[in-house]
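Let's take a tour of a protein with a ligand in it. Have the sequence and the 3D view open, and we'll go through it piece by piece.

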Amino acid sequence: MIKQLIEKIETKDSPIVVGLDPQLKFIPERILNIGFEQFGETLAGVAEAIFLFNKEIIDNVYDLIPAVKPQSAMYEQFGSAGVKAFERTVSYAKEKGLVVIGDIKRGDIGSTSEAYAIGHLGSITIKNKTFKPFDEDFITVNPYLGSDGINPFTKVCNSHNKGMFVLVKTSNPSSGEFQDRLIDGKPLYVHVAEKVASWGEECMDGDYSNIGAVVGATYPEIGKELRKIMPNNYILVPGYGAQGGKGADLVNFFNKDGLGAIINSSRGIIAAWQQEKYSEFGEDNFADASRKAVVDMLDDVRGALAK
Ligand SMILES: O=c1ccn([C@@H]2O[C@H](COP(=O)(O)O)[C@@H](O)[C@H]2O)c(=O)[nH]1
């Protein structure tokens with residue numbers, strides 16, 4: 001699957017991913033009203049609006065980007081109706097030729113990880129009929145439970161040509177509370193990165209592994225260090241835009257081949273219409289504002305890489 005992602009990154013010259021993290025406050029009135037007219041002022045009405053909001057954004061940016069990253073929490077907050085909107089978003093993005101990274105941050109004891117892996121990346125057979133429940137292309141995984149929490153995901157990645165990004169150093173301000181702790185003289189994130197490199201060897205797909213890492217754009221020096229420890233693992237880099245990351249900070253997350261990292265922006269793209277910078281587009285043209293924000297992000301990232 002990483003091969004497919006790389007092919008799309010190269011074809012579009014676009015190492016970025018748009019995060020689909022819908023929040024009620026980002027959804028324009030006209031879209032909300034469509035949902036409410038169909039399903040009333042209910043969770044189902046909001047879920048319909050979320051899907052329509054995502055669809056309009058995808059329609060306006062899919063030619064510029066290789067992938068989207070729907071964040072499951074933003075859908076789960078609306079219960080089963082929200083989960084349905086997540087599912088519809090995944091399938092619509094795939095219809096438009098995009099790779100889908102489900103940001104689900106799962107990981108548990110082996111038997112439970114196996115169920116997560118089946119549900120999100122794999123398939124399940126019921127009386128001779130096979131179903132692929134969520135069918136994302138990649139997911140994000142929390143490594144806190146160690147190898148037996150990761151192995152079921154690896155198994156399904158290999159059997160279904162899928163991939164995962166393992167949390168190594170997250171972008172949030174307090175990520176250091178645990179992740180920077182020294183163990184045997186090395187920060188915990190280095191231990192996890194070394195594990196990602198070795199787990200990744202079991203999952204190679206061309207020059208890169210289907211097992212990648214999540215490293216926040218907000219820690220560029222750590223990104224540089226981790227790039228060296230995981231030469232064959234793609235790095236998913238959240239933290240651009242709304243969390244303060246900029247193109248210039250991100251150069252060292254990439255390998256010399258110009259590959260190896262994919263930068264995410266969620267609020268910075270999907271809520272661009274609410275920023276002063278894009279106010280000319282107005283609420284009705286929110287997806288045009290998102291397109292312009294993607295173009296600006298691409299200029300920033302490409303410009304930084306070209307230097
Ligand atoms: O370390 C991490 C891991 C995941 N995320 C997720 O990425 C997006 C970021 O959203 P922005 O609006 O671009 O800040 C969001 O889904 C997070 O859950 C992260 O930010 N940091």
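Start with K69: an N or O atom in its side chain sits 3.2 Å from an oxygen atom of the ligand. Keep in mind as you look around that this is a predicted model. Two more side chains have polar atoms at listed distances from ligand oxygens, namely Q71 at 2.8 Å and Q243, also at 2.8 Å. Here they are side by side:

| Residue | Distance from a side-chain N or O (polar) atom to a ligand oxygen |
|---|---|
| K69 | 3.2 Å |
| Q71 | 2.8 Å |
| Q243 | 2.8 Å |

How much of the ligand does the protein cover? On its own, the ligand has 460 Å² of accessible area, and the protein covers 88% of that. Two elements give two or more residues each to the shell around the ligand: β3 (99-106) and β13 (261-265).

Now for the whole shell. There are 16 residues around the ligand, and the ones that come nearest are D21, Q71, S171, Q243 and R267. Sorted by class, the shell has seven polar residues, five charged ones and four nonpolar ones.

Next stop: K105. UniProt, in an unreviewed entry, lists K105 under "active site". You'll find K105 in strand β3, one of the elements that give two or more residues to the ligand's shell. Is K105 buried, exposed or partly exposed? K105 has a relative accessible area of 38%, so it counts as partly exposed. The side chain of K105 makes a polar contact of 2.9 Å with the side chain of D103. If you skip residues up to four places away in sequence, K105 touches Q71, T140, V141, N142 and L167. Q71 should ring a bell, as its side chain is 2.8 Å from a ligand oxygen.

Then hop over to T170, in the loop between β7 (163-169) and α8 (176-179). T170 counts as buried because its relative accessibility is 13%, and the cut-off for buried is under 20%. Its side chain makes a polar contact of 2.6 Å with the side chain of N172. Apart from neighbours within four places in sequence, T170 is in contact with S175, Q179, G216 and Y219.

Finally, zoom out. The unreviewed UniProt entry has a domain annotation, "Orotidine 5'-phosphate decarboxylase", covering residues 15-281. That span is 42% helix and 22% strand, and its end C-alpha atoms lie 25 Å apart.

How values were computed: Residues numbered from 1 in each chain as written. Predicted model: local features only at pLDDT ≥ 70, side-chain atom pairs only at ≥ 80, totals over all residues. Heavy atoms only, no water. Near = heavy atom within 4 Å. Polar contact = N/O pair within 3.5 Å; in protein donor to acceptor, adjacent residues only side chain to side chain. Areas by Shrake-Rupley, 256 points an atom, 1.4 Å probe, with all protein chains shown as cover. Helix = DSSP H or I, 4+ residues; strand = E, 2+ residues; numbered from the N terminus. Nonpolar A, V, L, I, M, F, W, Y, C, P; charged D, E, K, R; others polar. UniProt positions renumbered as here; feature names shortened; annotations may be inferred. Buried < 20%, exposed > 50% of the residue type's maximum accessible area, 1.4 Å probe, protein only. Contact = heavy atoms within 4.5 Å.
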